[in-house]
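Please open the structure in your viewer and keep the selection tool at hand. This tour proceeds by selecting a few parts in turn and describing what is found at each.

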Amino acid sequence: MLSYKLNHVRQLESESIFVLRETAAQFDRPALLFSGGKDSIVMAHLARKAFHPARIPFMLLHVDTGHNFPETIEFRDRFIAAIGARLIVAHVQDSIDAGRVVEETGPNASRNKLQTVTLLDALEKHQFDAALGGGRRDEEKARAKERFFSHRNDFGEWDPKAQRPELWNLFNGRHHHGEHFRIFPLSNWTEMDVWQYIKREAIDLPSLYFSHERVVVDRHGSLLAVSDVVRPQAGETSENRTVRFRTIGDMTCTGGVDSVATSLDDIIAEVAAARETERGTRSDDKRSESAMEDRKKEGYF
Amino acid sequence: MSTSETAGYMEMDLLRFTTAGSVDDGKSTLIGRLLYDSKSIFEDQLEAMEESSRKRGDEHVNLALLTDGLRAEREQGITIDVAYRYFATPRRKFIIADTPGHIQYTRNMVTGASTASLAIILIDARKGVVEQTCRHAFIANLLRIQHAVVAVNKMDLLDYDEDTYDAIVTAFQDFASRLDNLVAITFIPISALRGDNVVDKSTQMPWYAGPSLLQHLETVYVGSEENHVDARLPVQWVIRPQSDTHHDFRGYAGRIAGGVFKPGDDVLVLPSGFATRVTAIETFDSDLEEAFSPLSVTMTLDDDIDVSRGDMIVKPNNPPSVDQDIEAMICWFSERPLRARAKYVLRHTTKEVRAVVREMRYKVDINTLHKVEGEPEFRLNEIGRIALRTSSPLFYDRYNRNRTTGSFVLIDEQTNETVAAGMIV
């Protein structure tokens, strides 16, 4: 009897698959939010496992700020083709053109916050009643309070003080018309779990995660990649550095770190020794103490 | 940790535990210390905490700010909701369900305890066993947590006095002797603030021969939790690829809720009662020789029979109870009280039925453990026993035999809120 024990990674995998299947069963039109970042890639990988040998019964939805790394888009298209999934892209640029949002101006302008409107519009347009996200509770303190099944009202808002209690593995996804759920199958995974799992499963990732030479500018401690949307400002100089990215998001707010990690083993060693959280490179979280909570309440990922 | 040391990472096992304490008995400090000393707090988190502490005018870095993730929590200096924390040592990975000690106390403690296999019950050594302590122990026992650590904190404020500690141990044992499920209780004298017996053994208490808290958490054996006797697969989703290569494939996907299944096993499908055999147990990676809880699998069966979500695949030699009349202990979570004759949606494994409250049996006074009969309603955070009748039969085991097939939640049909947690007796 003693051998009937699952190690923690297999327990996490089994739990995530359970959550993905519950999502398919409890909702009419679920979507899987796919950013091309490692967490959404792992989530899509788990979805393949959950429904094998059938195809993933979700559409994939990418909210494109227009400021993505080209490597991310190239990877996304290759990945979608490989797994035979259907992808919808919602463009922040379209929301700007339609006057739904106004682009930020100034030196630290970012489209990060604008994504929320584009996301909510896309959910409404396609009548999605559930959106699977790769968020993890260990990422950020507001996310530590998230449920697996997280209710959103008619306006897409999160009310952290009135969350449904979530007991055992009983997930209550009942909702009124117009409301939706955000669902987080990776809630209990840590950054280390994700990397170890990527290695075990030999999951392909965008090249951005691995060390490479890049022209960057050091802005408030974040090494931003110099591009059409990030140019050195007065007093800043661009320089060539050997960097990699611990998270992948919008180019205007995702900073790289100095790193020579070229393999998964190198990255795992780096993660084990890290003294900063992976979101420490995200200037979007540093705007205020409750930057994440505030964005989430409005309907952010 | 070097790369070679991470090789054992995949093989580590997982311990989920819950913490509970009254206001100001040092729970946040204890969690902060466990995380900090196991290097699970990062520099940017520490900086953010220091910055917030300065703004608030706190004298020291307030470790509670780490767990209080919501703005309202930081403003009011209280914890509102269960927070989940993660840390690992080279021996084990831990998930902490950190439950607040005051507001919505029962609801949060029950939620945190429902997935935990160990509870840390914190006692302020200056105050000893108080009402809250008894409630924590009662709820841990009710949710069938078998392992408890009673951490007697703030020993430094009592000059590490052995007699005080012994008196608290005796008082707790006296109360806990009436709690059947709590089979393993470990007592540890600590000072969370000074770090005595939290991670390292303290030199201040030579009279204490046991392990430090972390040593205990790393080594305590909790292997007997899952039921590996009664084979149960609640069907979650039917996989029908409808592709050329898998034209006739019908797989029954679900997470095994008990027992062990092997290809060739005779099985019974409930509620139809059809008998058939397991053809294969499939996963994306490979077919399995055997599968056990809590694995998520896809099962194929020999006969082409009607099986859908909410059905249960079991073995004929020990099927679950099948009944529309259920007796259960429940915790009530809603501001609107529970009354007899009320109707709810009941969610049990992958099945949803309607249920009517036939009778209110009794309420439990969780400070004295007395049963109070003849109460017309259960209010928010109250616990008691009720009788339910469901619109169609449930396939269940007693909660004390199987936490998955013995638990349910009640949902208000108007608001869709989860209003109760139930444990079948």
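Which residues does B:Ala420 touch, not counting residues up to four places away in sequence? The model is a predicted one, and this residue is the starting point. Select B:Ala420 together with B:Ile330, B:Cys331, B:Trp332, B:Phe333 and B:Leu338, all of which B:Ala420 touches. Add B:Val409 and B:Leu410, which complete the list of its contacts.

**The nonpolar core**

B:Ala420 also belongs to the largest nonpolar core, a set of 181 residues. B:Ala420 is among the residues with the most contacts inside this core, along with A:Leu32, A:Ala47 and B:Ala119. Next, select residues 38-51 of chain A, which form helix α2. This helix gives the most to the core, with 8 residues.

**Where the two chains meet**

Now colour the two chains separately and examine the surface between them. Here 57 residues of chain A are in contact with 62 residues of chain B. On the side of chain A that touches chain B, at least two residues each are supplied by α1 (8-26), α2, α6 (191-201) and α7 (264-273). Select α1(A), the source of the largest share of this side, 10 residues. Colouring this side of chain A by class shows 22 nonpolar, 16 polar and 19 charged residues.

**The domains of chain B**

Hide chain A and turn to chain B, which is divided into domain 1 (4-219), domain 2 (232-314) and domain 3 (321-424). Select domain 2 and domain 3 of chain B; their centres, taken over C-alpha atoms, are separated by 30 Å. Where they meet, 12 residues of domain 2 are in contact with 9 residues of domain 3. The side of domain 2 that touches domain 3 has 6 nonpolar, 4 polar and 2 charged residues.

**A strand with two partners**

For the last stop, select residues 92-98 of chain B, which form strand β3. Is this strand mostly covered or mostly uncovered? It is mostly covered, as 6 of its 7 residues are buried.

Add strand β1 (residues 13-20) of chain B, which runs parallel to β3(B) and is joined to it by 7 bridges. To find one of these pairings, select B:Asp13, whose bridge partner in β3(B) is B:Arg92.

Then add strand β2 (residues 83-88) of chain B, which runs antiparallel to β3(B) and is joined to it by 6 bridges. In this pairing, B:Ala83 stands opposite B:Asp98. β2(B) and β3(B) form a hairpin, with 3 residues between the two strands.

Key:
Residues numbered from 1 in each chain as written. Chains lettered and ligands numbered in written order. Predicted model: local features only at pLDDT ≥ 70, side-chain atom pairs only at ≥ 80, totals over all residues. Buried ≥ 20, exposed ≤ 12 C-beta atoms within 10 Å, placed from the backbone. Helix = DSSP H or I, 4+ residues; strand = E, 2+ residues; numbered from the N terminus. Pairing = 2+ DSSP bridges. Domains from an automatic or database assignment. Contact = placed C-beta atoms within 7 Å. Nonpolar A, V, L, I, M, F, W, Y, C, P; charged D, E, K, R; others polar. Core = buried A, V, L, I, M, F, W, Y, C linked by C-beta atoms within 7 Å.
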